[in-house]
Amino acid sequence: MDYQLTLTPTGQPPVYRTVTGDTPAELAAAIHRHARGFLGGQADIHLDQEALTGTVRRAGAEAGAFTLTPVEENQPAAIESTAPDHVAHGYTMRDLDRAARAACTADRSLSSNISLRYDLAWSAIAEHLVTADQPPSWNELVRVGWQAIYQDVKAVRRLYGVDSTGRSGEVASTPRFVAYWTHMPTDTAGDGIVERIAVHQVLATLPEHQRQAVVALATQDDYQKAADSLGIKYGALTARIRLGRRAFRTLWFSPETAPPAKGTDRRAASHAGVPDHCPAGHEFTPENTRITRRDKSGRKCRRCRACERARGAARRQDKQELAVTV
């Protein structure tokens with residue numbers, strides 16, 4: 001059974017606690033625990049079971065007195081409703097504090113600091129107390145407090161995607177959270193179909209001579225062969241390709257602005273031809289070729305190793321002849 005303990009130390013204002021016990025021994029033990037915590041030391045309890053009153057003694061001297069008031073299941077504790085700090089239904093601000101602390105003790109999540117949990121419980125209990133039509137019981141107020149703490153814990157876990165079914169506590173572990181926030185790979189097959197349809201639609205809007213040049217280059221994969229297949233000169237083909245590409249990119253990226261084209265078409269080298277020998281006549285074999293970067297643009301260039309060895313030998317020869325002369 002629950003009792004309201006009113007403990008009045010000698011020369012101090014009374015304090016209120018809630019104790020539970022079905023036998024005199026249980027009640028005495030509960031009162032002894034609160035008395036020791038408040039007085040800060042060993043205390044002797046003398047309880048009158050019939051009158052529900054008693055005294056507290058320390059070192060043989062009386063240190064205070066206490067009374068017990070039964071708390072019924074559906075009735076609030078007997079508190080003066082005319083008290084200056086009265087809130088509602090006979091409960092005072094002191095009772096709100098006690099109920100909020102009891103709710104923090106009943107909470108088992110321990111998911112945040114005590115100040116935040118106390119504020120959550122206090123707000124929920126105060127709101128429930130002032131909106132209740134019937135006087136709530138003490139246990140009901142405590143239950144409202146720890147349920148508010150638990151609901152906040154659930155909301156925070158849901159916000160960060162913590163899986164409530166597991167015990168890992170990892171953030172972003174719930175399937176729905178991952179499905180919403182994780183960027184899944186796009187359907188590459190669908191993108192390919194859309195692009196193939198878009199290519200034919202864009203090509204149909206080009207002028208006939210530009211469309212033929214673009215299709216010829218895509219088919220032949222060589223500028224000179226594409227020009228020969230159309231019966232036009234190489235320069236005419238490149239002009240048509242340049243204009244056709246510009247119009248194609250404008251429509252392809254529409255309604256957005258097409259980004260600037262970067263780099264050059266490597267197939268353009270087929271017209272001028274790629275030399276397979278250096279100016280000295282050495283063949284560009286894998287063993288005789290060294291790839292370097294010779295300018296700020298990072299353009300790759302080929303160097304002939306045989307020519308480099310010859311120039312190195314010539315420099316060494318000049319140094320030796322200069323040393324002999326001196």
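These legends walk you through several close-up views of a predicted model.

**View 1. The whole protein, to get your bearings.** Before zooming in, it helps to know the overall inventory: the secondary structure comes to eleven helices and nine strands. The protein has 326 residues, and 26% of them are buried. Among contacts with a separation of 6 or more, 41% are between residues 24 or more positions apart.

**View 2. Strand E1 and its partner E5.** Start with strand E1, which covers residues 2–9. How many of the eight residues of E1 are buried? Seven are, so the strand is largely enclosed by the rest of the structure. E1 runs antiparallel to strand E5 (residues 61–70), and seven bridges join the two. To find your place in this pairing, look for Gln4, whose bridge partner in E5 is Thr69.

**View 3. Arg17 and the residues around it.** Here the focus moves to strand E2 (residues 15–20), where Arg17 lies. Is Arg17 buried or partly exposed? Its relative accessibility is 35%, so Arg17 counts as partly exposed. Setting aside neighbours within four places in sequence, Arg17 is in contact with Tyr3, Gln4, Leu5, His34 and Arg98. One of these, Gln4, is the residue already met in View 2 as the bridge partner of Thr69. Leu68 is also worth locating: Arg17 and Leu68 are 51 residues apart in sequence, with their C-alpha atoms 9.8 Å apart in space.

**View 4. The hairpin of E3 and E4.** Strand E3 (residues 44–48) and strand E4 (residues 53–58) pair over five bridges, in the antiparallel sense. Within this pairing, His46 stands opposite Thr55 in E4. The two strands form a hairpin, and four residues sit between them. Which residue in the turn has a positive phi? Look for Leu52, with a phi of about 55°.

**View 5. Asp222, in the loop between two helices.** This view shows the loop that links helix H7 (208–220) to helix H8 (223–230), with Asp222 in it. Although Asp222 belongs to a loop, this residue counts as buried because its relative accessibility is 15%, below the 20% cut-off. What does the side chain of Asp222 reach? It reaches the backbone nitrogen of Lys225, at 3.0 Å.

**View 6. Helix H8 packed against helix H9.** Two packed helices are described by the angle between their axes and the distance between the axes. For H8 and helix H9 (residues 234–252), the angle is about 100° and the axes are 9 Å apart. That angle makes H8 roughly perpendicular to H9. On the H8 side, the residues that meet H9 are Tyr223, Gln224, Ala226, Ala227 and Leu230. On the H9 side, they are Tyr234, Leu237, Thr238 and Arg245. By class, this contact has six nonpolar, two polar and one charged residues.

**View 7. Thr289 in strand E8.** The last stop is Thr289, which lies in strand E8 (residues 289–293). With a relative accessibility of 17%, Thr289 counts as buried, because the value is under 20%. The side chain of Thr289 reaches the backbone oxygen of Thr285 at 2.6 Å. Which residues is Thr289 in contact with, leaving aside its neighbours within four places in sequence? They are Phe284, Arg302, Arg303 and Arg305.

Conventions: Residues numbered from 1 in each chain as written. Predicted model: local features only at pLDDT ≥ 70, side-chain atom pairs only at ≥ 80, totals over all residues. Heavy atoms only, no water. Buried < 20%, exposed > 50% of the residue type's maximum accessible area, 1.4 Å probe, protein only. Polar contact = N/O pair within 3.5 Å; in protein donor to acceptor, adjacent residues only side chain to side chain. Axes fitted to C-alpha atoms, helices over the stretch in contact; angles between N-to-C directions. Parallel < 35°, antiparallel > 145°, perpendicular 65-115°, else oblique. Contact = heavy atoms within 4.5 Å. Nonpolar A, V, L, I, M, F, W, Y, C, P; charged D, E, K, R; others polar. Pairing = 2+ DSSP bridges.
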